[in-house]
Amino acid sequence: MMFGFRIKQSGWLLLFSLVFFLTSGNAIAQVTFVASTNANQVVENGVFNIEFKLNNAISRSYTPPDLSDFKIVSGPSTGQSTTIINGQMTQSMTLTYSLLATQAGKYVIGPAFIVVNGNRLKTEPIQIEVVKAAPGSGSTGSGSMFLKAEIDSVQIYPGQQQFLYYKIYTQLNIRDMSAISEDSYDDFYFRYVKDFDRRPQQVVINGAQYTSRLIKTVALFPQKTGTFTIDPLIMNVWVPKPGASTSRSFFRTYNHINKQVSSNPVTISVSALPSGAPPSFSGAVGSFKMQTSIDRQKLTTDDALVLRMRVVGDGDSRRWSPPDIGLEDQFEVFEPNIINEKSVDQNGIVISEKTFEYLMIPKRSGMIRFSAPFTYFSPDSSQYIKLYSQRYTVNVSPGKNQPADALSD
């Protein structure tokens, strides 16, 4: 089963497809061929990269796109990788070009083609805008650098996952960097997110070309309502001295100087959840999926039925507990147990999982039909969303301890 979460990052809308194996069996890896670039906008005479990546296959039958609008600086450079996770092997192949944008204008790089097992795959077109450089800036700029804090949304709810990104924008070759001061995030439960794709991006700001790099991602989960300000992140950055050699060495030598950069403060407003939550709401805020199972379909009124509910989502797991499943008219429902709880990083998102176990004794014999609910609050729609399990039918026979006046079908 695949769960999708949409996260807005700095004006880009990225769709993260998070795969969770809720049932046994092996997933079949899908072969895809995709194009990407590190700069959708570049200054005239600026250099950018374009990459074509074949996932879950290797092929030699490749047809490049028309790149005649640009000058090829290098490429295509080819790379291959093989990964084995839990016994499952995946392969990928990349072809990368470095291109020089020689003239201002809007351009479309058409599709590249590749043949895999007799099937011809193609990439989607990529749009590139080449803009005039600001007077005196050139393609490499004047050597400025700044640190910026960016956030998904300034209006959120308690328990909602919120991403704070620290990015550095530079026209210098950074040798090293380290944090001097950082907010303690006392008003939030927070977690540093592992981000395995921190490739630099080329961006244009006020007609000047910068290299942008994500240096830190923090997942914030607000714990209470109100307005909160996150203090700036202050960093030491080692850059080459003007006119000095930029060759790398093991030590920070006299060729490098230290500069301090500070990000902007960020203000976040945390609103109260709306009224009208159903009884099955137990505090989950975000986007969630649920799966349930029962341990038997035949039992007596002396036996206990075990219902398991597995919930996976991107909200603060510490704020939601086993829901009220509302089956007291048919079963004696005991206090549920949490038998599994964990949080993992998936593609830059903190995903939490909990499995609840309900012990239920039928109150009567006969055929009993029921469905278990789970409710969460969706910040996207500002509504409470109620999920239902499949509808179960269990055959209950009279037990030795069934009361004489018990009802049955």
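A salt bridge here is a side-chain nitrogen of Lys or Arg within 4 Å of a carboxyl oxygen of Asp or Glu. With that in hand, look at K167 and E150: their closest N and O atoms sit 3.4 Å apart, so by that cut-off they form a salt bridge. Keep in mind throughout that this is a predicted model.

The K167–E150 pair reaches across the chain, with K167 in strand β15 (residues 162-170), E150 in strand β13 (residues 145-151), and their positions 17 residues apart in sequence. How exposed or buried are the two ends? K167 counts as buried because its relative accessible area is 11%, under the 20% mark. E150 lands on that side of the mark too, with a relative accessible area of 10%, so E150 is buried as well.

Now move along to E357 and R308, another salt bridge, whose closest N and O atoms are 2.9 Å apart. E357 belongs to strand β30 (residues 349-362) and R308 to strand β27 (residues 305-313), so this pair ties together parts that are 49 residues apart in sequence. Both of its ends show some surface: E357 is partly exposed, at a relative accessible area of 22%, and R308 is partly exposed at 41%.

Strand β30 turns up again in the next pair. The side chains of K354 and E341 meet in a salt bridge, at 3.8 Å from N to O. K354 sits in β30 and E341 in strand β29 (residues 337-346), with 13 residues separating the two in sequence. Here the two ends part ways: K354 is buried, with a relative accessible area of 4%, whereas E341 is partly exposed, at 44%. Going back to the pair we started with, shared partners join K148, E150 and K167 into one salt-bridge network. By the 4 Å rule, the count for the model comes to eleven salt bridges.

From charges to grease. The largest nonpolar core has 25 residues, and M309, M360, F370, F374 and V394 touch the most other members. Which elements give two or more residues to this core? They are β25 (288-294), β27, β30, β31 (366-370), β32 (373-378) and β34 (392-397). Of these, β27 gives the most, with four residues. So β27 and β30, the strands that hold R308 and E357, are also contributors to this core.

F370 is a good place to stand and look around. Leaving out residues up to four places away in sequence, F370 touches I294, L305, L327, Q330, F331, M360, Q390, R391, Y392 and V394. There is also a second, separate core, made of 24 residues, with F48, I50, Y62 and I109 among them.

Two of the core's contributors, β31 and β34, also appear in an open sheet of three strands, ordered β26-β34-β31 with mixed pairing. Because β26 (298-300) and β31 stand at the edges with a single partner strand each, one side of each is left without a neighbour in the sheet. Neighbouring strands of this sheet are turned by 35° against each other on average, direction ignored. If you zoom in on β26 and β34, you'll find that they run parallel and are joined by three bridges. L299 has V396 of β34 as its bridge partner.

Next, a serine in a loop. S263 lies between β22 (256-262) and β23 (266-270), yet S263 is buried, with a relative accessible area of 4%. What does its side chain reach? The backbone nitrogen of L233, at 2.8 Å. Beyond residues up to four places away in sequence, S263 touches L147, K148, A149, Y166, P232 and L233. K148 will be familiar from the salt-bridge network.

Finally, some backbone oddities. Most residues other than glycine have a negative phi, and most peptide bonds are trans. The peptide bond from G75 to P76, though, is cis, with omega near 5°, and P76 lies in strand β7 (residues 71-85). N117 is not a glycine, but has a positive phi of about 50°; you'll find N117 in the loop between β10 (113-116) and β11 (119-122). Y185 has a positive phi too, about 55°, and is likewise not a glycine; Y185 sits in the loop between β16 (176-181) and β17 (188-192). Are these two buried or exposed? N117 is exposed, with a relative accessible area of 76%, while Y185 is buried, at 2%.

Methods:
Residues numbered from 1 in each chain as written. Predicted model: local features only at pLDDT ≥ 70, side-chain atom pairs only at ≥ 80, totals over all residues. Heavy atoms only, no water. Buried < 20%, exposed > 50% of the residue type's maximum accessible area, 1.4 Å probe, protein only. Core = buried A, V, L, I, M, F, W, Y, C linked by side-chain atoms within 4.5 Å. Contact = heavy atoms within 4.5 Å. Pairing = 2+ DSSP bridges. Axes fitted to C-alpha atoms, helices over the stretch in contact; angles between N-to-C directions. Polar contact = N/O pair within 3.5 Å; in protein donor to acceptor, adjacent residues only side chain to side chain.
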